[in-house]
Amino acid sequence: MNASSGSSQTRNKTRLIFIFKTSFHSPRQSIPSRTFYTERQPTESSTKRLALQAKLGVSIQASLAAFIDRSACPVSCAAEQILAVFIQERHALSLRENMCGSNVFLRVLWLFLCRAIASCSPLTADRQANITSMLGQQADRVMALGEWEERWQQNKIGFHQPEVHKMLKNNIDKVLNGRTGVRFFFPLCGKAVDMKWLADMGHSVVGVEISEKAIRQFFEENNMTYTEEPVPAIPGAKVYKNSEKNISLYQCDLYAFSSSIDGQFGAIWDRGSLVAINPADREKYAALIISLMAKDCRYLLETLLYNPDLYEGPPFFVPDEQLHSLFGSSCDIELLQSVDAMTDLQRQWGLDKFTQNAHLITPKSS
């Protein structure tokens, strides 16, 4: 790191810590930066709480500095992770009734952190080189469609989840944005139970999947009748439909599908599609997804962060920076959630860290 970048990092830390401190001042009274509220009577309980609050204040300040210093941490993840720690500690301390501004306060802090980090932490040349190197580890990895079909035939589907995905549940309100009867698109849908969950809420679902077995299992395992018919516009393709729940699943190559087949969509849930396609196809994939987005579309996307030196995929490593390269020119991108998703399965892959990110991607207003 040269002298100028070092001084820039120092200014960044100073600015964020300043925001942290000043954000905790009530408009009616002066509150120390490491004290979230005051007690009328200095009881033993209040003293203990104040000590815990002081500890929390120090940990958040340290997090602000650490995340700015960590070159391996994507800039867009920093505020989300700090806020996650903050919310966890806040509930642990039972401060719901005592914090100034309650949920409004959290939103303001979140906004300050996002803006500060985005504005004062540019993507450095070293960071860009690091991302390019990491992407290069999987750039030539290819999974043929036949390999995916074979996995379904051999029941090697560890990627399938028997329950509705937590990231979809946690962020469904932001995806719906007050709308009802939304048309959802599921790329590489498999037999995701998320589709029935949304259909039961009154939304319609269109999915694309290469495996006929996966599609039939979806309907059969959910005790749903279905019809089967050819798709004239796609040679060899079929569409399986349940009219009662308004679910249509196309069995075909994803790239053969288009808006001319079944229109555009008000929402897209991409739980394991972008991370499953061949890395070399990401630009083609992004172009398809954008073409399927209606003007009010809200695209919920899960991506995975890990060290690609340790595992070749799939699922593949997709850094936040690449999302901006793929979608940033025509869409706004917001990080909604970032969680440590490390399990024994990832340890078997040889990984030591594994992070799931949820992004909300929406068309830019013209």
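Two strands count as paired if DSSP finds at least two bridges between them. In this predicted model, strand 8 and strand 9 (residues 355-363) meet that condition with nine bridges in the antiparallel sense. Asp340 has Thr355, in strand 9, as its bridge partner. The points below cover the sheet, the helix packed on it and the salt bridges.

**Sheet and helix 9**
- The sheet is open and mixed in its pairing, with nine strands in the order 3-4-5-2-1-6-7-9-8.
- Strand 3 (227-230) and strand 8 (331-340) each have a single partner strand, so they stand at the edges with one side lacking a neighbour in the sheet.
- On average, neighbouring strands of this sheet are turned by 20 degrees against each other, direction ignored.
- Helix 9 (residues 212-221) packs on the sheet and touches strand 2 (204-209), strand 3, strand 4 (238-242) and strand 5 (247-251). The direction of helix 9 makes about 160 degrees with that of strand 5.

**Salt-bridge network**
- The whole structure holds 12 salt bridges, and a network of them links Glu212, Arg216, Glu228 and Lys238.
- Arg216 and Glu212 form a salt bridge at 2.8 Å, N to O; they lie four residues apart in helix 9, about one helical turn.
- Lys238 and Glu228 form a salt bridge at 3.0 Å, N to O, which links strand 4 to strand 3 across 10 residues.
- Relative accessible areas of 28% for Lys238 and 37% for Glu228 make both residues partly exposed.

**Asp200 and Lys245**
- A salt bridge of 2.7 Å, N to O, joins the side chains of Asp200 and Lys245.
- Asp200 belongs to helix 8 (residues 194-200), whereas Lys245 lies 45 residues away in the loop between strand 4 and strand 5.

Note on methods
Residues numbered from 1 in each chain as written. Predicted model: local features only at pLDDT ≥ 70, side-chain atom pairs only at ≥ 80, totals over all residues. Heavy atoms only, no water. Helix = DSSP H or I, 4+ residues; strand = E, 2+ residues; numbered from the N terminus. Axes fitted to C-alpha atoms, helices over the stretch in contact; angles between N-to-C directions. Contact = heavy atoms within 4.5 Å. Salt bridge = Lys/Arg side-chain N within 4 Å of Asp/Glu carboxyl O. Buried < 20%, exposed > 50% of the residue type's maximum accessible area, 1.4 Å probe, protein only.
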